[in-house]
Amino acid sequence: MGLKGIIGLLVVILVIVILVSSIVRIVPQAKAIVVERLGAYQATWSVGLHFKVPIIDRVARRVDLKEQVVDFAPQAVITKDNVTMQIDTVVFYQITDPKLFCYGVANPIMAIENLTATTLRNIIGDLELDQTLTSRETINTTMRSSLDVATDPWGIKVNRVELKNIIPPTAIRDAMEKQMKAERERREAILRAEGEKKSTILVAEGHKESQILEAEAEKQAAILHAEAEKEKMIKEAEGRSEAILKVQKANADGIRFLREAGADEAVLTIKSLEAFEKAADGKATKIIIPSEIQSIAGLAKSLVEVGKEE
């Protein structure tokens with residue numbers, strides 16, 4: 001085979017390779033291919049190996065089925081109380097129908113951006129500034145629902161919408177910062193006042209408990225003192241009682257000894273009088289003497305007087 005034969009063979013092989021590459025298509029994971037035949041929609045190829053007719057079939061569009069994120073530039077919106085602010089949004093979307101995505105709208109991303117801007121203006125226009133700043137979740141949910149309905153004919157599903165930044169005017173920001181500073185100072189003052197109040201209450205409670213303890217201690221001391229005095233008086237009374245009993249016993253023993261010694265009635269009377277004198281101890285102002293002793297005393301006095309006359 002000459003040189004021309006070799007060149008001819010290489011040309012044939014190259015043509016075969018080109019034809020095979022134009023006929024065979026391999027679709028990777030999370031991708032889809034929209035195929036047209038003679039300018040009309042033919043099919044949507046999903047993951048796997050596919051064959052197309054040369055010249056007649058062509059790939060109209062390759063579509064990414066993964067979830068995608070687009071960050072749109074800040075949009076000027078006006079609140080219900082006529083405050084102009086800048087809000088930028090982030091949209092998470094996913095293509096669910098490659099055919100509708102390919103033929104539904106000319107520029108899907110631009111369409112979503114414009115739709116997001118108009119929807120955001122409509123929502124913010126019904127809210128005041130304070131509501132806008134505090135209702136992010138409500139705004140996100142409302143926008144996602146509205147965009148999902150609007151993009152459904154385009155084969156697009158909006159999964160999430162987030163307000164990335166809300167930028168109010170400079171004057172409003174300055175006023176908000178002053179308000180926040182005043183609120184922080186107010187909370188600090190309240191916390192300080194509550195701390196001082198609790199401290200005062202604790203000091204007062206401590207003083208009260210101290211006074212209660214002191215009063216209780218004084219009460220216990222008074223009770224102990226009274227009990228000690230009572231015991232002392234009881235012991236003194238018992239001592240006096242024992243002393244009286246001993247004296248009476250001694251007197252009784254003396255009288256008994258006198259009787260045993262044969263003393264007469266006069267001696268006994270004198271001893272009885274001496275016993276009454278000791279019992280009185282110089283403190284009694286009146287002593288009641290039995291009549292028998294009085295008669296004996298009178299007899300003794302008479303005998304003394306007779307003795308003197310003689």
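## Arg186 and its partner in helix H6

Arg186 is partly exposed in this predicted model, its relative accessible area being 43%. The residue forms a salt bridge with Glu183, and the closest N and O atoms of the pair lie 2.5 Å apart. Glu183 is likewise partly exposed, because its relative accessible area is 29%, a value that falls between the 20% under which a residue is buried and the 50% over which a residue is exposed. Both residues belong to helix H6, which covers residues 170–261, and because they are three residues apart there, about one helical turn separates Glu183 from Arg186.

## A second pair in helix H6

Another salt bridge in helix H6 joins Arg192 to Glu188, with 3.0 Å between the closest N and O atoms. Here the partners are four residues apart in the helix, so that Arg192 and Glu188 are again separated by about one helical turn. Arg192 is partly exposed at 45% relative accessibility, and Glu188, with a relative accessible area of 45%, is partly exposed as well.

## Salt bridges elsewhere in the chain

The count of salt bridges in the model comes to 10. One of them links Arg160 with Glu162, where the closest N and O atoms are 2.5 Å apart. Arg160 counts as partly exposed at 45% relative accessibility, and Glu162, whose relative accessible area is 25%, is partly exposed too. There is also a network of salt bridges, in which Arg144, Asp148 and Lys157 are linked.

## Asn140, a buried residue beside Glu162

Glu162 has a further polar partner, for the side chain of Asn140 makes a polar contact with the side chain of Glu162 at 3.2 Å. Asn140 is placed in helix H5, which runs over residues 136–151. Is Asn140 buried or exposed? Asn140 is buried, because its relative accessible area of 7% is under the 20% cut-off.

When residues up to four places away in sequence are not counted, Asn140 touches Val161, Glu162 and Leu163. Glu162 is thus a residue that Asn140 touches, a side-chain polar partner of Asn140 and the salt-bridge partner of Arg160.

## Thr132 and its surroundings

Thr132 is found in helix H4, which spans residues 129–134, and with a relative accessibility of 0% this residue counts as buried. Which residues is Thr132 in contact with, leaving aside its neighbours within four places in sequence? The contacts are with Thr79, Met85, Ile124, Leu127, Ile139 and Ile166.

## The cavity and helix H3

The model holds one cavity of 30 Å³ or more, and the volume of the largest cavity is about 30 Å³. The lining of this largest cavity is made by Phe72, Gln75, Thr89, Glu113, Thr116, Ala117 and Leu120. Helix H3, covering residues 108–124, gives the most to that lining, with four residues.

Ala117, one of the lining residues, is found in helix H3 and counts as buried at 7% relative accessibility. Gln75 also lines the cavity; although Ala117 and Gln75 are 42 residues apart in sequence, their C-alpha atoms are 6.6 Å apart in space.

## Arg62 on strand S5

Arg62 is placed in strand S5, which is made up of residues 57–64. Is Arg62 buried or exposed? Arg62 counts as exposed, because its relative accessibility of 59% is over the 50% cut-off.

Leaving aside neighbours within four places in sequence, Arg62 is in contact with Arg25, Ala32 and Ile33. Arg62 and Val35 are 27 residues apart along the sequence, while the distance between them in space is 9.1 Å from C-alpha to C-alpha.

## Confidence in the model

The average pLDDT of the chain is 80, and 81% of the residues score at least 70. Over residues 299–310, however, the pLDDT is below 50, and this stretch has zero contacts in the model beyond near neighbours in sequence.

Conventions. Residues numbered from 1 in each chain as written. Heavy atoms only, no water. Helix = DSSP H or I, 4+ residues; strand = E, 2+ residues; numbered from the N terminus. Buried < 20%, exposed > 50% of the residue type's maximum accessible area, 1.4 Å probe, protein only. Polar contact = N/O pair within 3.5 Å; in protein donor to acceptor, adjacent residues only side chain to side chain. Contact = heavy atoms within 4.5 Å. pLDDT = per-residue confidence, 0-100. Salt bridge = Lys/Arg side-chain N within 4 Å of Asp/Glu carboxyl O. 1 Å grid on protein atoms, 1.4 Å probe; cavity = no way out; pocket = protein on both sides within 12 Å on 5 of 7 lines; lining within 4 Å. Points joined across faces, edges and corners; volume = space filled by probe spheres on them.
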